[in-house]
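User: I would like to go through some of the labels attached to this structure and see how each one follows from its value. Please set the numbers against the cut-offs as we go.

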Amino acid sequence: LETCSFHNVSATDSRRNHFSGIQSHITTPGTITNILVFMSAQRMSSMNSSFGIITKNQAVCNTIMCLIFLLYVFPMQLSDVAFLIKYSHFLGLAAMSIYEISNLLHLLIALNRFCAIFIPSHYEKIFSKFGTNIMIQVIWVVALIMCSIFYEFIGCYFSYDDISWTFGFLGTEKCTRLTWYTDFALNTVLIVLTLFINLLTAFKAGRNSRLLMNAAGIKMSQRQKQRELGFIKQTFFQGISMFAGQFTYYLIAPLFSNPILLFLISSLWAFMHAVEGGIIFISNKGMHEVLKKGKSMVRVLKEYKFTFFQNQRLLFSCQIDTYPYSIHT
């Protein structure tokens, strides 16, 4: 009996360390990259435009989401603190609000690019700095009110779930039906619409540039081709990452019973905010140039990268010897 109890404690501790380790190794670099995106955008003159204002707000949303998981979910995974779990629906409300704001900001960025390419003569009027700030404020207010009604006042809480080790909706029939429309259907439409507008804009911009160059008898340089391809790649991967997080939470996660896979798939919608900072940073070479001036920050990232891979290697080597159950679906 004592041996059985010892193994149960060991298994629980191993799971805690595993989940918290995975989560922190995703959200920590996600926090850093999104802060770097914001800091770089602040220093870039090209980011003083409406597009830059929206991008900086997007980076703020991504950072907040990463910090919610790093500073709140991470402690709950390490220990069952009753106080944190009891009031986790407030942080769940914050996470859902940030998620809705982020999706709406993605759509706003897509419309910003669309107007710049398809109706350039009206672009400055539609997306003036003042007008852009008003639209962003409306997005924040509408998302906060909408999420407060659905996930707080109606009672369909989005709180910490000790089965999936992450946030989950209240599993009542009413809440399941409600969230299918207010979360899955609504956000899927927003994500697909955003991806469609972005790809349409990318192809139109590429076509316009080729027509102008052909008319002037100029060949497109390799650098211009890479920039065009980079824009399409960024648009595509951002759209796919957003859709993957939404799709897996509702349609894939229920098929898994393994705790690790269930945790990863159920948290993918939030982890995409960490990944997005890297996508934006890698795709924007102007941000690289800005950071070259801040060598101290680059040094910090290099040191973190080294420590990250060292910890990962140690984690998986220990897992082989101590992990108490096998992965299965």
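User: What makes Phe 90 partly exposed?

Analyst: In this predicted model, Phe 90 has a relative accessible area of 43%; since buried means under 20% and exposed means over 50%, a value in between is called partly exposed. Tyr 87, with a relative accessible area of 33%, is partly exposed by that reasoning.

User: How many aromatic pairs does a search of the whole structure find?

Analyst: The search finds 19 aromatic pairs, and one of them joins Phe 69 and Trp 269, whose rings are 6.1 Å apart centre to centre with 75 degrees between their planes.

User: Why is the pair of Phe 69 and Trp 269 called edge-to-face?

Analyst: Ring centres must lie within 6.5 Å to count as a pair, and planes over 60 degrees apart count as edge-to-face; the pair of Phe 69 and Trp 269, at 6.1 Å and 75 degrees, therefore satisfies both conditions.

User: What does this pair tie together?

Analyst: Phe 69 lies in helix H2 (residues 50-78) and Trp 269 in helix H10 (residues 268-283), so the contact ties together parts that are 200 residues apart in sequence. As for accessibility, Phe 69 is buried, at a relative accessible area of 1%, and Trp 269 is buried as well, at 5%, because buried means under 20%.

User: Why are Tyr 87 and Phe 90 described as stacked?

Analyst: The planes of Tyr 87 and Phe 90 are 15 degrees apart and the ring centres 6.2 Å apart; because planes under 30 degrees apart count as stacked and centres within 6.5 Å count as paired, the label follows.

User: How do you know that H2 is oblique to H10?

Analyst: H2 and H10 pack at an angle of about 130 degrees, with their axes 9 Å apart. That makes H2 oblique to H10, because 130 degrees falls neither in the range from 65 to 115 for roughly perpendicular nor over 145 for roughly antiparallel. The crossing of H2 past H10 is left-handed.

User: And what makes H2 roughly parallel to H6?

Analyst: H2 and helix H6 (residues 129-153) have axes 9 Å apart and pack at an angle of about 25 degrees. Angles under 35 degrees count as roughly parallel, so H2 is roughly parallel to H6. H2 passes H6 in a right-handed crossing.

User: Why do Glu 173 and Arg 177 count as a salt bridge?

Analyst: The closest N and O atoms of Glu 173 and Arg 177 are 3.0 Å apart, and because the rule asks for a side-chain nitrogen of Lys or Arg within 4 Å of a carboxyl oxygen of Asp or Glu, the pair qualifies. By this rule the count comes to one salt bridge. Glu 173 and Arg 177 are four residues apart in helix H7 (residues 173-216), which means that about one helical turn separates them.

User: Are Glu 173 and Arg 177 buried or exposed?

Analyst: Glu 173 counts as exposed, at 62% relative accessibility, whereas Arg 177, at 47%, counts as partly exposed, because the cut-off for exposed is over 50%.

User: What makes Arg 43 exposed?

Analyst: Arg 43, which is found in helix H1 (residues 2-43), has a relative accessible area of 51%, and because exposed means over 50%, the label applies. The C-alpha atoms of Arg 43 and Met 287 are separated by 8.9 Å, although these residues are 244 apart along the chain.

How values were computed. Residues are numbered from 1 along each chain as its sequence is written. This is a predicted model: local features need pLDDT of at least 70, side-chain atom pairs count only at pLDDT 80 or more; totals for chains, interfaces and linings use all residues. Side-chain values use heavy atoms; hydrogens and water are left out. Rings of Phe, Tyr and Trp (its six-membered ring) pair if their centres lie within 6.5 Å; planes under 30 degrees apart count as stacked, over 60 as edge-to-face and the rest as tilted. Helices (H or I, at least four residues) and strands (E, at least two) are DSSP runs, numbered from the N terminus. Buried means under 20% relative accessible area, exposed over 50%, partly exposed in between (1.4 Å probe, protein chains only). Axes are lines fitted to C-alpha atoms, for helices over the stretch in contact, and angles run from 0 to 180 degrees between N-to-C directions. A crossing is left-handed if the near helix is turned anticlockwise from the far one by less than a right angle, and right-handed if clockwise.
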